Amino acid sequence: SARAAERPEAEEDATPSDSVMIDVMDDGERDDLESRYRKHVQAMLGAATGDLDERGYGRVVVLGVGAASIHAARYAVEQGMGELVWIAPRFYPRADSELESLLAEAGNLNLLHVYSARRQVLTPSARELPLRLKKAGLKAYQASPMAIGARAETRDAGAVASRVRAWLTLR
């Protein structure tokens with residue numbers, strides 16, 4: 001047929017069992033992309049806290065929600081901040097493995113850890129987090145279970161903000 005004549009020869013010979021090679025990123029490229037992303041996030045946090053300083057806010061506290069908690073922790077430690085808040089933190093395996101060593105460098109960092117009071121929604125890693133933080137040598141750690149899900153949602157904002165405000169007032 002005329003259609004068969006229009007198809008390239010390689011297409012005619014292809015069978016469903018032919019394998020296809022997919023070029024995937026090597027570890028070095030992935031690490032470079034991850035490093036660039038981390039630097040970008042840290043720069044954005046620096047710009048935000050710098051802007052707040054310029055506006056005259058005397059006390060700037062970084063809050064990490066969910067997977068952003070590791071970025072907030074890195075920034076707080078690198079900048080020597082005095083306070084950090086985590087709200088329903090989630091850590092990817094690579095970040096989870098560096099968490100203890102990062103917080104061991106934290107010095108006098110005060111950490112408020114807001115998480116779900118419902119143990120059944122927490123991963124084993126999340127249930128072990130308070131013990132791991134104490135082992136890392138974090139001196140000023142306060143666990144604050146709340147009636148929220150494993151992930152913070154918009155409907156939780158008022159209650160979480162109230163809890164954070166109370167903690168900051170007592171500091």
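E34, R38, R74 and E98 are linked in a network of salt bridges, and that is where I'd like to start today. Please keep in mind that this is a predicted model.

Let's take one link from that network. R38 pairs with E98 through a salt bridge, and their closest N and O atoms are 2.9 Å apart. R38 sits in helix α3 while E98 belongs to helix α5, so this pair ties together parts that are 60 residues apart in sequence. And how accessible is R38? Its relative accessibility is 25%, so R38 counts as partly exposed.

Now, have a look at what is around these residues. Which residues line the second largest pocket? You'll find E34, R38 and R74 from our network there, along with Y37, A67, I70, H71, Y92, R94 and A95. The space in this pocket comes to about 190 Å³. If you are colouring by helix, three of them are worth picking out: α3 (27-54), α4 (69-79) and α5 (93-104) each give at least two residues to the lining. As for the chemistry, the lining residues split into five nonpolar, one polar and four charged.

Let's step back to the salt bridges as a group. How many are there in this model? The count comes to eight. As a quick reminder, side chains of opposite charge can pair when their charged atoms come close. I'll show you two further examples.

The first brings us back to helix α3. R36 forms a salt bridge with D32, and here the closest N and O atoms are 3.6 Å apart. Why are these two about one helical turn from each other? Because they are four residues apart in helix α3. R36 is exposed, with a relative accessible area of 52%, just past the 50% cut-off for that label. Its partner D32, at 40%, is partly exposed.

The other example is R155 with E153, whose side chains meet in a salt bridge at 3.4 Å, N to O. R155 is exposed, with a relative accessible area of 66%, whereas E153 is partly exposed at 40%.

So, to pull it together for the discussion: we have a network joining E34, R38, R74 and E98, with R38 in helix α3 and E98 in helix α5. E34, R38 and R74 are also among the residues lining the second largest pocket. Beyond the network, we looked at R36 with D32 and R155 with E153. Thanks, everyone, and I'm happy to turn the structure around on screen if you'd like another look.

How values were computed: Residues are numbered from 1 along each chain as its sequence is written. This is a predicted model: local features need pLDDT of at least 70, side-chain atom pairs count only at pLDDT 80 or more; totals for chains, interfaces and linings use all residues. Side-chain values use heavy atoms; hydrogens and water are left out. On a 1 Å grid over the protein atoms alone, a cavity is a set of points where a 1.4 Å probe fits but cannot get out, and a pocket is an open set with protein on both sides within 12 Å along at least five of seven lines; lining residues have an atom within 4 Å of a point. Grid points are joined across faces, edges and corners, and a volume is the space filled by probe spheres set on the points. Ala, Val, Leu, Ile, Met, Phe, Trp, Tyr, Cys and Pro count as nonpolar, Asp, Glu, Lys and Arg as charged, and the others, Gly among them, as polar. A salt bridge is a side-chain nitrogen of Lys or Arg within 4 Å of a carboxyl oxygen of Asp or Glu. Buried means under 20% relative accessible area, exposed over 50%, partly exposed in between (1.4 Å probe, protein chains only).
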